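Thanks for coming. I will go through one model this morning, starting with its sheets and ending with a few unusual backbone angles.

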Amino acid sequence: MKILMLLLALLVSSVQATEYEEVSVEVEAQNLIGNAYYVPGMSGAATEYEGFISNAGFVVTSDGVVVFDALGTPSLANAMLSEIRKITDQPIKIVVMSHYHADHIYGLQVFKDEGAQIWAPKGTWDYLDSEIAENLLDSRRDLLFPWVNDETYLVKPDRIIDQDTKFSLGEHQFLISYFGKVHSDGDMSLLSVTDQTLYSGDIIFEGRIPFVGDADIIKWAKTLDRVRKIRVGYFVPGHGVASDQPKQTMDLTYRYLNFLLDKLSVAVEEMNPFGEVYEAIDWSEFEDEPAFEAANRKNAYAVYLYLERVLD
Ligand SMILES: [Zn+2]
């Protein structure tokens, strides 16, 4: 009886250690090509669909799994881990983070518990050390409860990447492209050279107007010029649907950022006030795109202020 109780206690503690509130959204791994997979999030605002609004990916090698981004809650990451476990028992070795924003990082602790090394771009500490990081986590504990809760914490990176970095795992070759401060404090992408699949992170939003925030939009546009030259078979954006037509997947973000830059540069140079400028721009090319209403005016204003600073 004593032994039975002990076994029961052990069982309960091991279950508790890995227990995450279940999600009702469908988290499903899709195979792109070879050993490259992605988990497509839905298109919505940050706290819709139980926070499942960003993509994550993974590549299975003979010596472990490389994960790209960690989704917006531990529960989602746990559901993703279950999907990985349907495919392989290989350990999760490395998580490559595109950038540190809430919708991509709160699942990290699940992979950390699996023993993975977290690789993140330079700039990550600027985010982690900021008040924004703590405040946002607090607010998500309310808005995304119970999937984000008091047990959810910000996972620190094990390795900071500040330049383009090649690595291999098993028979697979990988290339991380480090972009610097582009969409966030630090952004990078992961190319599975073996499977010719690029996981771009949030430098590309497919199927919706991107979130510009405090991005360095000139650098962002230049980065897209660079990324458009990378030859890849499959392209996995930070948000939206992956495809084998990289130019098409990149098209909306590419056109939108350049449109904002063109129109607002002229306005700032002519020193026209924002309200007038905004009303005068013909937005018809973009106004039917998802998230236009929610994001466009904010994006335009952020870019206007940014250009006022840099064009001085
Ligand atoms: Zn995102």
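Two strands are said to pair if DSSP finds at least two bridges between them. Helices (H or I, at least four residues) and strands (E, at least two) are DSSP runs, numbered from the N terminus. Before I go on, the sources: this is a predicted model, in which local features need pLDDT of at least 70, side-chain atom pairs count only at pLDDT 80 or more, and totals for chains, interfaces and linings use all residues. Residues are numbered from 1 along each chain as its sequence is written.

Now the pairing. Strand 9 (172–180) and strand 10 (residues 187–192) are antiparallel, with six bridges. Y178 has M188 of strand 10 opposite it. Both strands belong to an open sheet of five strands, in the order 8-9-10-11-12, with mixed pairing. Strand 8 (165–169) and strand 12 (234–239) are at the edges and have a single partner strand each, so one side of each has no neighbour in the sheet. From one strand to the next, the twist averages 25°.

Next, what lies on that sheet. Helix 7 (residues 217–227) crosses strand 9 and strand 11 and runs at about 155° to strand 11. Helix 8 packs on the sheet too, touching strand 11 and strand 12, and its direction makes about 15° with that of strand 11. For these angles, axes are lines fitted to C-alpha atoms, for helices over the stretch in contact, and angles run from 0 to 180 degrees between N-to-C directions. Contact means that the C-beta atoms of two residues, placed from the backbone, lie within 7 Å.

Which residues of helix 7 are buried? They are I217, W220, T223, L224 and V227. Seen down the helix axis they fall within an arc of 110°, so they line one face of helix 7; the arc is that of the directions from the helix axis to the C-beta atoms. Buried means 20 or more other C-beta atoms within 10 Å of the residue's own, exposed means 12 or fewer, and partly exposed is in between, with C-beta atoms placed from the backbone. D225 and R226 are exposed, on the face turned away from the buried side. The buried residues pack against strand 9, strand 11 (197–205), helix 8 (246–269) and helix 10 (292–310).

Now the N-terminal strands. Strand 1 (residues 30–33) and strand 2 run antiparallel, joined by three bridges. They form a hairpin with two residues between them, and G34 in the turn has a positive phi of about 55°. I33 has A36 of strand 2 as its bridge partner. In strand 2 (residues 36–39), A36 and Y38 point one way, Y37 and V39 point the other way, and all are buried. Strand 2 also pairs with strand 3 (residues 56–61), antiparallel over four bridges, with Y38 opposite G57.

Last, the backbone angles. Most residues other than glycine have a negative phi, and most peptide bonds are trans. L71 has a positive phi, near 65°, and sits in the loop between strand 4 (64–68) and helix 2 (74–87). L71 counts as buried because it has 29 C-beta neighbours inside 10 Å. M271 also has a positive phi, near 55°, but is exposed, with 7 other C-beta atoms within 10 Å. The peptide bond between F145 and P146 is cis, with omega about 5°.
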